[in-house]
Amino acid sequence: MAGRLARFDGVLLPGGGDLAPSRYGAAGAHEAVYDVDDLQDAFDLEVARQALAAGLPLLAICRGLQVVNTALGGTLHQDMGGPRREHRHVRHPVALAPGSALARITGADKTEASCYHHQHVDRLGEGLHVTARAADGTIEGVELAVARALFVAVQWHPEDTAHEDPAQQRLFGALVEAAAEGN
């Protein structure tokens, strides 16, 4: 895997189905867990580990954030539950930590996030810190305390609104720029 990634200048870990709960030490799966693909899980976790080890610029989106958190030893809540499913198929405000890469890249202290997730970070992976939260306290963004290259992970889907929201588009621009700088 390291040899394959050596040909890349950056990595985008996209959204997708749920990670198998066994990947982060859960004894069983909640009934809401869906689209688990063991081969995809193994691949994505290894890509995350190798990209981090190589210091490649990395942007992780939704499942991608969950993959990175798991790769670094963190855990997930399998289902947020709640009567209104506050984070599924909605846009909601997210507060960005001052001084974080997310705040610098977007040029904002809050953003409107397009969310589809029902899982979210429980225990943070090693070296991660929270850089974005929803009003209900849900972790919506994490970064590495010490990163060798750009590393931003968001629980929302910036690709949904990037065409109309320059702050969301800047996340992709930052990845491209960081990847180009590595050449």
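**Cores, helices and salt bridges in the predicted model**

Within the largest nonpolar core, which holds 24 residues, the members that touch the most others are Val 11, Leu 13, Leu 58, Val 68 and Phe 151. This core belongs to a predicted model, as does everything described below. Two or more residues come to the core from each of S1, H2, S2, H3, S8 and S9. Helix H2 is the biggest contributor, giving five residues. Val 68 offers a convenient view of how the pieces meet: leaving aside its neighbours within four places in sequence, Val 68 is in contact with Leu 13, Ala 48, Leu 52, Leu 58, Ala 60 and Phe 151. A second core, separate from the one just described, has 22 residues, including Leu 96, Ala 101, Leu 102 and Phe 172. As a general background to both cores, nonpolar side chains in soluble globular proteins tend to be buried together.

Val 68 sits in a helix that deserves a closer look. Helix H3 is mostly covered, with nine of its nine residues buried. The buried set comprises Arg 63, Gly 64, Leu 65, Gln 66, Val 67, Val 68, Asn 69, Thr 70 and Ala 71. After H3 comes Gly 73, and the phi of this glycine is positive, near 90°.

Arg 63, in H3, leads on to the charged pairs. The structure holds four salt bridges. One of them joins Arg 63 to Asp 41, with the closest N and O atoms 2.9 Å apart. This pair links distant parts of the chain, as Arg 63 is in helix H3 (residues 63-71) and Asp 41 is in helix H2 (residues 38-54), 22 residues apart. Arg 63 and Asp 41 are both buried. Arg 63 also meets the side chain of Asp 44 in a salt bridge, at 3.0 Å from N to O. Here Arg 63 lies in helix H3 and Asp 44 in helix H2, so the pair ties together parts that are 19 residues apart in sequence. Asp 44 is buried, like Arg 63. Looking at the wider group, a network of salt bridges links Arg 23, Asp 41, Asp 44 and Arg 63.

Another salt bridge brings together the side chains of Glu 164 and Arg 91 (2.9 Å, N to O). Glu 164 lies in the loop between S9 and H5, while Arg 91 is in strand S4 (residues 88-96), so this pair ties together parts that are 73 residues apart in sequence. What of their surroundings? Glu 164 counts as partly exposed because its relative accessibility is 46%. Arg 91 is likewise partly exposed, with a relative accessible area of 46%.

Next comes helix H5. This helix covers residues 166-181, has 16 residues and reaches 22 Å from its first C-alpha to its last, close to the 22 Å expected at 1.5 Å a residue. At the start of H5, the backbone nitrogen of Ala 167 has a side-chain oxygen of Asp 165 within 3.0 Å. Buried in H5 are Ala 167, Gln 168, Leu 171, Phe 172, Ala 174, Leu 175, Ala 178 and Ala 179. Because an α-helix has 3.6 residues a turn, residues three or four places apart point the same way. The buried residues of H5 pack against strand S1 (11-13), strand S2 (58-61), helix H4 (101-106), strand S5 (110-116) and strand S9 (151-154).

Gln 168 of H5 can be followed into the neighbouring strand. The side chains of Gln 168 and Thr 111 are joined by a polar contact of 2.6 Å. Thr 111 belongs to strand S5. With a relative accessible area of 7%, Thr 111 is buried. Setting aside neighbours within four places in sequence, the contacts of Thr 111 are His 92, Pro 93, Val 94, Leu 96, Trp 156, Asp 165 and Gln 168.

Elsewhere, strand S7 (residues 128-134) and strand S8 (residues 139-144) run antiparallel and are joined by five bridges. Val 130 has Val 142 in S8 as its bridge partner. The hairpin of S7 and S8 has four residues between the strands, and in this hairpin Gly 137 takes a positive phi near 95°.

Finally, Met 80 is found in the loop between strand S3 (76-77) and S4. Its relative accessibility is 24%, so Met 80 counts as partly exposed. Met 80 and Ala 32 are 48 residues apart in sequence, and their C-alpha atoms are 9.5 Å apart in space.

Note on methods: Residues are numbered from 1 along each chain as its sequence is written. This is a predicted model: local features need pLDDT of at least 70, side-chain atom pairs count only at pLDDT 80 or more; totals for chains, interfaces and linings use all residues. Side-chain values use heavy atoms; hydrogens and water are left out. The expected span of a helix is 1.5 Å times one less than its number of residues. Buried means under 20% relative accessible area, exposed over 50%, partly exposed in between (1.4 Å probe, protein chains only). Contact means heavy atoms within 4.5 Å. A polar contact is a pair of N or O atoms within 3.5 Å; within protein, one must be able to donate a hydrogen and the other to accept it, and residues adjacent in sequence count only if both atoms are side-chain atoms. Two strands pair if DSSP finds at least two bridges between them. A nonpolar core is a set of buried Ala, Val, Leu, Ile, Met, Phe, Trp, Tyr and Cys residues joined through side-chain atoms within 4.5 Å.
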